[in-house]
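Student: Please take one part of this model and look at it closely. Keep the terms explicit, with their cut-offs.

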Amino acid sequence: MLSTMSRQTIDANVRAQLAELGERVLGGGSITRDEALGLFNLESTADIFDLMAWANRIREKFKGNKIHLCSIVNAKAGACSENCSFCAQSSFHQTGSPRYGFVDPEPVLEAATEAKKHGVTAVGLVAAWKGLNEGPMLDEVCDRIRELASSGKTRPDASLGIIKSQKVAERLKEAGLECYGHNLETSRRFFPSQCSTHSYEDRIETIGYLKKAGIKICSGGIIGMGETREDRCDLAFSLKEVGANVVPINILNPIPGTPFEKTPPLPPMEILKTIACFRFILPKKEIMIAGGRTVNLRDMQSMVFTAGASALMVGNYLTTLNQPVEKDLQMLKDLGLDPSWDNHDFADQDEPTQSSNGCRCGDAEPVAT
Ligand code: SF4
């Protein structure tokens, strides 16, 4: 395992080990959990830059210079029955986030028009509730998805919480849903300390129903909640196991009124290192930087791509603001990156390491269900 000793010059041993792991991943191989944990435990800025250089090469090899852009619409806001510690939309926390019922067609189609104008691949309907059962609400949700799909403007995505039956997943697929956001959030070990109203297994089971229905999976997590590096490492391996197609990494933006309101932010280099480690573990997946990037990375936002990210959540998040899309597009242009991703790129991905039976809840700052 790589040394964790802090130093500010490149350690020759670390350099050699990074080269060995990097070449292995570039050659189509994979790294073990112990090897990955060594990467998460790197301390010096010099070593982290070396790690990022390899992660960038891995991104370039498997993702080229294409960057996948997604956006979201808060389709049902606030008053969620669940107690996710990081979420401004939980009814357990007194926050100033908006509250309203499920949206009419117009705001969704307006969001799709705006997204298309900026070359954004997908619009995801995100609802702050525990999940979906069969009934009138599912009918209404399917109507919104159908309208979005038939508009032909963007890929119709959704993040609608926990699903408890195969039938619900099939209905969403029939309505035209292509990709479902459902985060695992963190490691299986750390999750129960952050949410007690549903389980990690509920999230894993939901992903299983969706995959069986032929729906692509957008599943990642949120970092900066006090989890250990080991928790981040285990999250990445869990996402590999469930076969997530898109892996959003959210960085905690402490919202007043949540238990995290006074939580110190993660240092930017720790965030970039985490992204790079995810690229080593998930070399062919879309690693998307979602909520919290503006407030946590500030002027270092563009470095997410040199750390291995291949996708970006653009536009505003559910409860907080992002920088303008135009600024993000300029950033990509300045980096020589191309936002013209299309759905065929999903086909280039690895199959999951094993079959397995998690809401984009908490995406971002945090993006809810
Ligand atoms: S993350 Fe999702 S399930 Fe959890 S409180 Fe927020 S909206 Fe509800």
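Tutor: A residue is buried if 20 or more other C-beta atoms lie within 10 Å of its own, exposed if 12 or fewer, and partly exposed in between, with C-beta atoms placed from the backbone. Helices (H or I, at least four residues) and strands (E, at least two) are DSSP runs, numbered from the N terminus. Residue numbers start from 1 along each chain, following the sequence as written. This is a predicted model, so local features need pLDDT of at least 70 and side-chain atom pairs count only at pLDDT 80 or more, while totals for chains, interfaces and linings use all residues.

The part I choose is strand 2, and I follow its pairing outward. The chain has 12 helices and 11 strands. Of its 369 residues, 52% count as buried.

Strand 2 covers residues 122-127, and 6 of its 6 residues are buried. Both of its faces are covered. Ala-122, Gly-124 and Val-126 point one way and are buried. Val-123, Leu-125 and Ala-127 point the other way and are buried too.

Now the pairing. Two strands pair if DSSP finds at least two bridges between them. Strand 1 (residues 68-76) runs parallel to strand 2, joined to it by 6 bridges. Within that pair, Asn-74 has Val-126 as its bridge partner. Strand 2 is also joined to strand 4 by 5 bridges, again in parallel. Here Val-123 is matched with Pro-156.

Strand 4 spans residues 155-159; 5 of its 5 residues are buried, so the rest of the structure largely encloses it. Arg-155, Asp-157 and Ser-159 point to one side of strand 4. Pro-156 and Ala-158 point to the other side. The buried set on this strand thus includes Arg-155 and Asp-157.

Pairing continues from strand 4 to strand 6, through 2 bridges and in parallel. Ala-158 stands opposite Tyr-180 of strand 6. Strand 6 (179-181) is followed by a loop that leads to helix 7 (200-212), and Thr-186 sits in that loop.

Stay with that loop. Glu-185 belongs to it as well. Most residues other than glycine have a negative phi. Glu-185 is not a glycine, yet its phi is positive, near 75°. It counts as buried because it has 31 C-beta neighbours inside 10 Å. Thr-186 is buried as well, because 27 C-beta neighbours lie inside 10 Å.

What does Thr-186 touch beyond residues up to four places away in sequence? Two residues are in contact if their C-beta atoms, placed from the backbone, lie within 7 Å. By that test, Thr-186 touches Phe-191, Gln-194, Gly-221, Ile-222, Met-225, Glu-227, Asp-231 and Leu-235. Take Met-225 from that list: it is 39 residues from Thr-186 in sequence, with a C-alpha to C-alpha distance of 9.2 Å.

For contrast, consider Arg-298. It lies in the loop between helix 10 (293-297) and helix 11 (303-306). Its phi is positive too, about 50°, and it is not a glycine. But Arg-298 counts as exposed, because 9 C-beta neighbours lie inside 10 Å.

Next, a helix pair. Axes are lines fitted to C-alpha atoms, for helices over the stretch in contact, and angles run from 0 to 180 degrees between N-to-C directions. Helix 5 (residues 136-151) and helix 6 (residues 166-175) have axes that come within 8 Å and cross at roughly 30°. That makes the two helices roughly parallel (angles under 35 degrees; over 145 is roughly antiparallel, 65 to 115 roughly perpendicular, and the rest oblique). On the helix 5 side, the contact is made by Leu-138, Cys-142, Ile-145 and Arg-146. Helix 6 supplies Val-168, Arg-171, Leu-172 and Ala-175. By class, this contact has 6 nonpolar, no polar and 2 charged residues. Here Ala, Val, Leu, Ile, Met, Phe, Trp, Tyr, Cys and Pro count as nonpolar, Asp, Glu, Lys and Arg as charged, and the others, Gly among them, as polar.

Last, helix 2 (residues 33-40). Its buried residues are Ala-36, Gly-38, Leu-39 and Phe-40. They pack against helix 3 (45-63), helix 8 (229-242) and helix 9 (268-281). With helix 8, the angle is about 135° and the axes are 9 Å apart. Helix 2 and helix 8 are therefore oblique to each other. Arg-33, Ala-36, Leu-37 and Phe-40 of helix 2 meet Arg-229, Glu-230, Arg-232, Cys-233 and Phe-237 of helix 8. This contact has 5 nonpolar, no polar and 4 charged residues.
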